[in-house]
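Colleague: Could you take me through one part of this model at close range? I would like to hear about a single helix and what lies around it.

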Amino acid sequence: MNKRLEKMAETKAKLITAARAAFAKKGFTAASMDDLTSSVGLTRGALYHNFGDKVGLLAAVVDQIDSEMAIKAHAEGEKHKDAWEGLLAEGAAYIEMAIVPEVQRIVLLDGPAFLGDPSQWPSQSGCLQSTIKTLETMFDRGILKEVDIEAAARLINGAALNAALWVAASDTPDEVLPKAIDAFRVLSTGLLK
């Protein structure tokens, strides 16, 4: 049974890797299922069996990349001793990833177009819980105004996500990026006492 599970995990990993490369290069719509499955010696049947369809495969790829983004953003936040500065750095790091071509195309453009509201993606739930914990700690220390913590966390995460979406969709992302980060910082600081 373990060999079977290992083989299934290996097949899933191959499909995700192939899809990630194809979606980054061609975009979701133009990526051919036959091309991406044959590139790793698999069939469409393997894709259907493991992910249901091409959209299911996109969801797995988006989840992988978005989870990586969250880890990178969190690592940026951890570099700061001050919890508030760490939270702002984490949000800014997430927004900055919007100029990475793979992130831009797969997560911020194709993802919402085919998977719907990013705030409802499983990977975003982890980010929300982390932000809630950080804000609870800061509230307990008397740093924040009297505010519903979950609401504040949802709005901070939403601001970072929407800023990243704006940067990704812009014709001039390098010009939009600093504006988005500045606005994110200004909006977020409204929570401080």
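Modeller: Happy to; here is a walk along helix α6, followed by the core and the largest pocket. Please keep in mind that this is a predicted model.

Helix α6 covers residues 101-115, and it is kinked by about 25 degrees at Leu-109, shortly before the proline Pro-112. Just past the helix comes Gly-116, with a positive phi near 90 degrees.

Now for its surroundings. Buried residues in α6 are Val-103, Gln-104, Ile-106, Val-107, Leu-108, Asp-110 and Gly-111. Their cover includes α1 (2-26), α4 (54-78), α8 (149-169) and α9 (173-188).

Leu-108 also leads us into the largest nonpolar core, which has 58 residues: together with Phe-23, Leu-36, Leu-57, Trp-84, Ile-95 and Leu-135, Leu-108 touches the most other members. The biggest contribution to this core comes from α8, with 11 residues. For Leu-135, contacts beyond its neighbours within four places in sequence are Trp-84, Leu-87, Leu-144, Ile-149, Ala-152, Ala-153 and Ile-156. In soluble globular proteins, nonpolar side chains tend to be buried together.

Helix α8, part of the cover over α6, turns up again at the largest pocket, where it gives the most to the lining, with five residues. That pocket has a volume of about 220 Å³, and the elements giving two or more residues to its lining are α7 (122-140) and α8. Among the lining residues are Trp-121, Gln-124, Arg-154 and Asn-157. By type, the lining has four nonpolar residues, seven polar and one charged.

How values were computed:
Residues are numbered from 1 along each chain as its sequence is written. This is a predicted model: local features need pLDDT of at least 70, side-chain atom pairs count only at pLDDT 80 or more; totals for chains, interfaces and linings use all residues. Side-chain values use heavy atoms; hydrogens and water are left out. The bend at a residue is the angle between axes fitted to the seven residues ending there and the seven starting there. Helices (H or I, at least four residues) and strands (E, at least two) are DSSP runs, numbered from the N terminus. Buried means under 20% relative accessible area, exposed over 50%, partly exposed in between (1.4 Å probe, protein chains only). Contact means heavy atoms within 4.5 Å. A nonpolar core is a set of buried Ala, Val, Leu, Ile, Met, Phe, Trp, Tyr and Cys residues joined through side-chain atoms within 4.5 Å. On a 1 Å grid over the protein atoms alone, a cavity is a set of points where a 1.4 Å probe fits but cannot get out, and a pocket is an open set with protein on both sides within 12 Å along at least five of seven lines; lining residues have an atom within 4 Å of a point. Grid points are joined across faces, edges and corners, and a volume is the space filled by probe spheres set on the points. Ala, Val, Leu, Ile, Met, Phe, Trp, Tyr, Cys and Pro count as nonpolar, Asp, Glu, Lys and Arg as charged, and the others, Gly among them, as polar.
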